[in-house]
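Thanks for making the time this morning. I would like to walk through one strand and its surroundings, and then say a little about the core.

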Amino acid sequence: MSDLQEGRAKILQRFDEVYEELASSVEDESIRLMLQYTHQLHRLWRPLLGVLPLPEGGRFLDVGTGSGLVPLEIATTRTIDAVGFDIESRYIAFAERFREALLSEGILDSTSQVDFRLGDLANLSLESESFDVILVREVLQFLVDPQAATDSLFQASKPGAIICMSDLDDQLFVSYPEHSDAFSRMFRSIGNVQRAQGGDREIGRKLSYYLSQSGFAIQSVFAIPQARHFVETENDPERLFVIEQMKEARERVVSSGEMSDAQFTALIEQIENEPQCERYRFNARLVAIGQKPRA
Ligand SMILES: C[S@@+](CC[C@H](N)C(=O)[O-])C[C@H]1O[C@@H](n2cnc3c(N)ncnc32)[C@H](O)[C@@H]1O
């Protein structure tokens, strides 16, 4: 490893440690688990950040920024002018704490501007033609009208700007042994409710279509695969995160008539008490990159 690579690896290690220290001290369990889960996903993505073609001094927009991982990691290597916004004030508060902690560690470019704002992509007024690079990672799946959101990002892009969208597609999720009946039933019911509310867990395959319909020229589409063989212990972060999401969905699932409150309680208990299991899992994130025509 060259000195440069070694220096970079040390910075990233400290970046991850600072994140984990802060995330593990968050009291709200659902926020804490989400922070830990997105960190895992982010590590998969890390090698790709370097390919985001940010011109020196260019403006970067991170839509649904969550904990601000992406703009803050970019700011450990270069000067950027970035805005990250999110609909959830607790993520924005975390992102600001994370930025301050990195600054005090001295691993953030102090001339970079990384601002975090509260905002809903569905009704956000972004300045026209003001961003050079836009990232929308794991956000579109939650929106009622992804096409309208993509249209507004087209307006906010400078001519020649690059947009990178990435999301899941549940049909790519493969597990062996298959999940228990209780888990599968709960997973299906929550998917039904998310769909009924306008969300889409098969949005990955549609990203390039939305981009193209908004006027972006498609530059590339690809997948980030992840295959694991692991022992799913009681404390596996992904398992805890999924169970927490299930619990959060209780009111929606019950009021939609998918199942009664008693059935929900019984299923959650079964899922929580499932024995530790050795498992193969495959999943993939789909990515589409578009460019706004110059003229
Ligand atoms: C799975 S997290 C991804 C966070 C971040 N993009 C990342 O990849 O690390 C989804 C994020 O989208 C945000 N979100 C959901 N709907 C949104 C909306 N309508 N406007 C802005 N943010 C939204 C959530 O609050 C959450 O932070």
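Let me begin with a question: in β4, which residue is the bridge partner of Asp62? Before I answer, please keep in mind that what we are looking at is a predicted model. The partner is Leu135, and that pair belongs to a wider arrangement, in which strand β1, residues 59–63, runs parallel to β4 and is joined to it by 4 bridges.

Turning to strand β5, which covers residues 157–167, we find that β4 runs parallel to this strand as well, with 6 bridges joining them, and that Phe131 stands opposite Ser157 in β5. To get from β4 to β5 the chain passes through helix α5, residues 146–156, and this β-α-β crossover is right-handed.

Now, how many residues of β4 are buried? The strand spans residues 131–137, and 7 of its 7 residues are buried. One residue worth following from here is Ile134, which, leaving aside residues up to four places away in sequence, touches Leu61, Val63, Leu153, Ser157, Ala161 and Ile163.

That brings me to the nonpolar cores. In soluble globular proteins, nonpolar side chains tend to be buried together. Here the largest nonpolar core holds 53 residues, and the members that touch the most others are Val63, Ile134, Ile163 and Met165. Helix α4, residues 89–105, gives the most to this core, contributing 6 residues. Apart from this core lies another, of 7 residues, including Met186, Ile190, Phe264 and Leu267.

Note on methods: Residues are numbered from 1 along each chain as its sequence is written. This is a predicted model: local features need pLDDT of at least 70, side-chain atom pairs count only at pLDDT 80 or more; totals for chains, interfaces and linings use all residues. A nonpolar core is a set of buried Ala, Val, Leu, Ile, Met, Phe, Trp, Tyr and Cys residues joined through C-beta atoms within 7 Å. A residue is buried if 20 or more other C-beta atoms lie within 10 Å of its own, exposed if 12 or fewer, and partly exposed in between; C-beta atoms are placed from the backbone. Helices (H or I, at least four residues) and strands (E, at least two) are DSSP runs, numbered from the N terminus. Two residues are in contact if their C-beta atoms, placed from the backbone, lie within 7 Å. Two strands pair if DSSP finds at least two bridges between them. A crossover is right-handed if, with the strands pointing away from the viewer, the path from the first strand over the helix to the second runs clockwise.
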